[in-house]
Amino acid sequence: MALTDVEILFVEDDPIFRHVVADFLQGQGARVQQACNGDEGIALFSDAIFDIVIADLNMPGLHGLSMLKQMQDINPAIPAIVISGNDVMSDVVEALRIGASDYLTKPIADLFIIEQAIIQAMMSAATPMNVSGQSHLQEMNELSYQELTDNLCLLEQNAQAAKSVQQQLFPASHIYYPKAEINYSLFKNNDVSAYFIDSTMVGEHHLVMYMAHFSPEDNSAAFGCVLLRSFINQKLKLFRNGLSNTLIEPNNMLSYLHQRMVKSGLHINTDIIYVCLDLSGYQLSIGQSGKGLRCYLRNGNELTPLALPESAPLGSSGWDKPSMQTRTLLRDEQICIGTHFYEHKQQLLENRFTGLVYQSDIKAGGFMQLACR
């Protein structure tokens, strides 16, 4: 069976739904322990080793998000799938932010979607399984994104919902790290930005930053942000558990992101520049897919574009591999990513970092800058 001997903790306050799902998973070969609230979920999680956690977010008492955060503190290597209603997308975004592998929305018409989600989450987390389980995983396709597609349709129809989801993902305009800082400005002309930026420390010695542009430029860009962030969170989780270095390898990371975007079935193409800086020696590794963004070295008031050959955007049928460059970041240099418009470059040189803003009189796009301290 697909889930033979998989240990599952299922936390759900609705007793009927909980028993129906538990019976189905046990019928697929899994061993399921049930909890009716967050406190009981924490108690079971603390006392036993599970392969995966499935949790409802909207529970009385200890909220699902608070429970997941505590579980992350106890054992961050265990993947989690969250279940939510369509009206609490903000909780879904936060769950992905803190490391959830995936999410499903109620009502779940086909329980096999849960089985597929479990298989995909365990593949991504590199959780050991028995031989028959591994064989089955190799035959399985990536997780079906029917639930994601359903939510994409909702976001496409509701610009305000898409705007709300996306705004929660954007960082502050000034981001400070132990040895570096990142500043940015992004301008949008509509409720949803087709551009997204983010950064994170990876261990003690590596800093990763990226800027992305999604096509089509509509509300689906909000969902593109959620997908991109969740995929990167998965690799960050694996790195922290000593299971993968992909996150600090732009060539491999962009290849991984392309595969995930294609198999999402959402038909979102992504221009992206992905930069990893090794802070121990200030070595830069830069990967680029698509041609809508530029990478620059800045020294004072001079911007020098880096020569990166054109590459097809992530998610496109013509994608082969990213363009790559490695170099040392010299003293007093900054690495910048941005759109090619003159007005954006001028604001960058004037150090006008405002974060994400709605501004109808300037072209959509913007820039971000990494400076060592």
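Which residues are linked with Arg31 in a network of salt bridges? Select Asp5, Glu7 and Arg31: these three residues make up the network. Bear in mind throughout that this is a predicted model.

**Stop 1: the network around Arg31**

Start with Arg31 and Asp5, whose side chains form a salt bridge with an N to O distance of 3.0 Å. Arg31 belongs to strand E2 (residues 31-35), while Asp5 sits in the segment before strand E1 (7-11), so this contact ties together parts 26 residues apart in sequence. Colour the two by accessibility. Arg31 is partly exposed, at 40% relative accessible area, and Asp5 is also partly exposed, at 39%.

Now add Glu7, which forms a salt bridge with Arg31; here the closest N and O atoms are 2.5 Å apart. This pair links strand E1, where Glu7 lies, to strand E2, where Arg31 lies, across 24 residues of sequence.

**Stop 2: Arg229 and Asp198**

The structure holds four salt bridges. For another of them, select Arg229 and Asp198, where the closest N and O atoms are 2.7 Å apart. Arg229 is in helix H9 (residues 220-240) and Asp198 is in strand E8 (residues 195-202), so the salt bridge joins parts of the chain 31 residues apart. Are these two residues buried or exposed? Arg229 is buried, with a relative accessible area of 8%, and Asp198 is buried as well, at 10%.

**Stop 3: strand E7**

Next select residues 180-188, strand E7, in which nine of nine residues are buried. Show the side chains. In a regular strand, side chains alternate between the two faces of the sheet. In E7 both faces are covered: one side carries Ala180, Ile182, Tyr184, Leu186 and Lys188, the other Glu181, Asn183, Ser185 and Phe187, and all are buried.

**Stop 4: the partners of E7**

Which strands pair with E7, and in which sense? Take them one at a time.

- Strand E6 (residues 174-176) runs antiparallel to E7 and is joined to E7 by three bridges. Select His174 to find Asn183 of E7 opposite. The connection between E6 and E7 is a hairpin of three residues.
- Strand E17 (residues 365-372) pairs with E7 in the antiparallel sense over eight bridges. Select Phe187 and look for Gly365 of E17 opposite.
- Strand E16 (residues 355-358) runs parallel to E7, with four bridges between them. Select Ser185, whose bridge partner in E16 is Gly355.

To end the tour, display E7 together with E6, E17 and E16.

Conventions
Residues are numbered from 1 along each chain as its sequence is written. This is a predicted model: local features need pLDDT of at least 70, side-chain atom pairs count only at pLDDT 80 or more; totals for chains, interfaces and linings use all residues. Side-chain values use heavy atoms; hydrogens and water are left out. Helices (H or I, at least four residues) and strands (E, at least two) are DSSP runs, numbered from the N terminus. Buried means under 20% relative accessible area, exposed over 50%, partly exposed in between (1.4 Å probe, protein chains only). Two strands pair if DSSP finds at least two bridges between them.
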